[in-house]
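Here is a short report on how one chain meets its partner and how some of its helices are packed.

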Amino acid sequence: MTPTWQMSGRNSESWCSMTAYGLLIDYEYCTGCQVCEVTCKEEHEYPVGKWGIRVFEDGPWQIEEHRFNFNKIPVPTDLCDLCLARTSIGREPICVHHCLANVMNYGPVEELAKKLNNKSKQVLWVPQFKPYEARGPFVHDPAKGRRKAAHLEVTKNESAERMAAQRGDNRVEEI
Amino acid sequence: MKTKATPAIKLDSLAEVNDLGKPWRYEEDGLTVTRSSIWTPPGCHPVGCGLKLYVDKSGRLVRVEGDENHPVTQGRLCPRCIAMKDYVYNPSRVKRPLKRDPKDRGQADKWVECSWEEALDLIEKEYKRITGQYGRESMIIFVGTGREGGTLLPYATMSFCTPNFCYSQSGYACYTPRLAACAYITGIPYPELDYAAGLPGRYDDPQYEVPEVIMLWGKEPLPSNPDGFFGHAVTDLMKRGARLISVDPRVTWLSAHADYHLRLRPGTDTALGLAMIDTIIKEELYDKDFVEYWCYGFEALAERAATMPAERAAEICGIDANYIKAAARMYANAKPAGILWGLAVDQKKNGMQNGQVIVDLMAITGNIDRPGGQVVGDINSGLNEGGFGFDKGIGPELGAKMIGIKEYPGYCNLILNAQADLALVALETDKPYPVRMGMYTGNNLMACTSGEPRRWHDAILRSLEFCIGVDCFITPSIQASCDVFLPLATVVERDGCLFAEYGAAPLYFGACNKAIDPDGTKSDLQIAFELGKRLNPHMWEDYNDVYDFINDLRLGKKFTFDELHKEVTLQQDISYFKYERGDLRRDGGLGFNTPSGRIELYCGAYAQFGDDPLPYYEEPPFSPVSTPELMADYPFVLTTGARTYAFFHSEHRQIPYLRELNPDPIVEVNPDVALRLGIADGQWCEVYNMFGSAVLKAKITQAVDKNTIHAQHGWWFPELNPNDVEKDGPYHTFRSNINNLNPNGYQGKIGFGAPYKCMICNIKPVEKSYDTNMADVWAKFGKLV
């Protein structure tokens, strides 16, 4: 079975031709309930200390009298696979399903990008599951670095010996 | 009455491949899926969120998902039900009855497993011995919120036949003071913000109007889903144009998104409410027709409100007078406008008056029983349950012995509960009579609800010869004081029913459908039934099994569980302007179910129970104004108990995925205060006053102002020492219990209301770290059984 990170990998040959999917989040109404965090952990059985998505909180800090900045923004991590097991059968990712404020949408980036135009305070994420692994195993390109070392004779360098002798310390014999 | 579930409205985010239209039970990929409208345990308010429970061939619950067929939750779910499996299969859950010699109370290793038969035999023997010697009133049942048993009056009226059913929080400072205010002023159980929960078309239903303004008063509905209100209905309505006014000392996400945030000093709400009424009346913004035809005592209210102009309230509350007036204008000018009023209303000695000003605001603006205003039930709606079994099981003679009924008739008769503060005195002094037997159901008073928990601990150990605990886990209260433990089934292991908001508003009701075998555990209704059949069989003659009891108690025989369970959730019929048709009064007359037939702005019932018929402001018993001499030692106002998404009160601390969201008890400190006192972010601090102290972990935040400290409640540490050690109590619960600082005996005149959200305190950093080791929590509770 192909590991999921390879199927969604950005380095795969087909990345440019395949449809990219993402999460569009209307953070004007994200309340920070953290259900995306917990449901992702249940779905993927991530242990304590590992997460597929996190909610970051900016605020409350005061802008002026009676007015505070207080935004909550969910950010997919390097363990977000956009619920491949669910989305491959046509369902939405589990965080989208459970989002209490109903502020998450899943779909092709191209479609979501159009929705970005409709209102302010939105963010569009295009997550990458295990981005380092997704680049694939290291494979040397035989087309590169083909210059071979030249087969030439090298002679003893007497001037280097003289340089050592000219040094002023008394341990010169050890060099 | 609807008998068929209406199809839910699909959320735009839900994919085309979904489970809309699926029956109550179906097969999918080798799993059996049961749809359920769930309520407790795990503890929660009765929202009845829709769940799909996936069970494998071996009968194990392997997956939980939000049910998109639910008319209100529409597939959405909060973290606590997402972690349902971790609760059901938690390694610390106890699924067999236990017994322990009373001399070994507090010692975790002295519990002995026994059969149900043996446990019930023991209870029967002790019940007969103790009530034979001291009378049936010598038994007290400690109840609480969020569990079926926590509001299951028949435990008292039918199983044990004792008058002393007791919610053990000082002044019953939760929900019931608001119910009392409504009942006395309007004759309506609870006017909830109308969020179209009962309407088939929901927000787009032709009957509905989106409120122009929602005023949130002492309520954070998003994490708490208070009293059964689906909290995120507020964000649904914000997206549809509703604007907010927030009355809250703290900056919350909602208050930061409000047009007006009235950031008052904790406990001063009634002054603010009077000033808003005064502004609305003086500027003639009230609904003149509604006031003239449907309210009583308007002139008296106007006169009273005039004693609290915005300028005076400004000084008391610490808010600019013009800002108060502007918020009052916005609320009064909006049509419709709804108020979401919360727990903070109850958590002050002045709570009944706080409730009064809020109901008066709803009334004079004509928003009661109006679409998008406050939705109310008709005379036939609501539960069948008020007083269920009381007359037959207890009767007038024994009922007259209820603790506090003479001193606080307005409290005891309304909710049929022993008055909490006087129950504590009875446990301490044997006055008015000895209390010798006890039971906890949906109550963990030593970790959660009760002020001065050590005082309750000592009183219970002193007084009770025998005590029963009913729960899913061994709580600190059970560990400290019980002699027999009965293991409770979770909501996925039993059948049952739930009414959103306890049926106090007409919304919807549903079936909790059993998905897995209870594995030796039993539901509260089953336990009540079995105990009752043994102890007072004359009360249970009509019931052959627990379903007969459910059909009578919950469904009033209008419906059977068999009919309901396949529908899963049924919306209730909603109608508006019922006072114009005579649907709010038992006699069928027009108007309201009060002595005058109108909404009593001048309220005779308040006067009858020894209080002022008109709202008035009273300072909290401890405050910068009422106790200036104490402010040098305790310079901060202490407010407690803001809700989190991770926990329901004292529950869920043993669920690693939830605990991880909030590993330690948090105290919120303003950045300026932290700098001045040398408190670093994340540093442990001692919070203290003349009643006691607790250590909590500082979060430096502008959520609180320079005069205010906020502390979380309900803490215990299931991963730590379970034994009742002198200083810290079982599971170290007394170490970080903020209720150490909250007193008993400062309730309001009718007996309701207590200062849990408006005390005073000081704070200092400590050197020691008590940080939770999440690796330890994961190691102990992460591997499910």
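The text below covers the chain contact, then a buried helix, then a helix pair.

This is a predicted model, in which local features need pLDDT of at least 70, side-chain atom pairs count only at pLDDT 80 or more, and totals for chains, interfaces and linings use all residues. Residues are numbered from 1 along each chain as its sequence is written, while chains are lettered from A and ligands numbered from 1 in the order in which they are written.

Chain B puts 34 residues in contact with 34 residues of chain A (C-beta atoms, placed from the backbone, within 7 Å). Elements giving two or more residues to this side of chain B are tabulated here (DSSP runs: helices, H or I, at least four residues; strands, E, at least two; numbered from the N terminus).

| Element of chain B | Residues |
|---|---|
| strand S4 | 61–66 |
| helix H1 | 79–82 |
| helix H7 | 233–239 |
| helix H8 | 253–256 |
| helix H26 | 656–659 |
| helix H28 | 774–781 |

H7(B) gives the largest share, three residues.

Helix H5 (residues 176–186) of chain B is largely enclosed by the rest of the structure, because ten of its eleven residues are buried (20 or more other C-beta atoms, placed from the backbone, within 10 Å of the residue's own). Among them are Arg178(B), Leu179(B) and Tyr184(B). Its cover includes helix H15 (351–364) and strand S14 (337–341) of chain B. Just after H5(B), Gly187(B) has a positive phi of about 75 degrees.

In the helix pair, Leu274(B), Ile277(B), Asp278(B) and Ile281(B) of H9(B) meet Leu301(B), Ala302(B) and Ala305(B) of H11(B).

Definitions and conventions: Contact = placed C-beta atoms within 7 Å. Buried ≥ 20, exposed ≤ 12 C-beta atoms within 10 Å, placed from the backbone.
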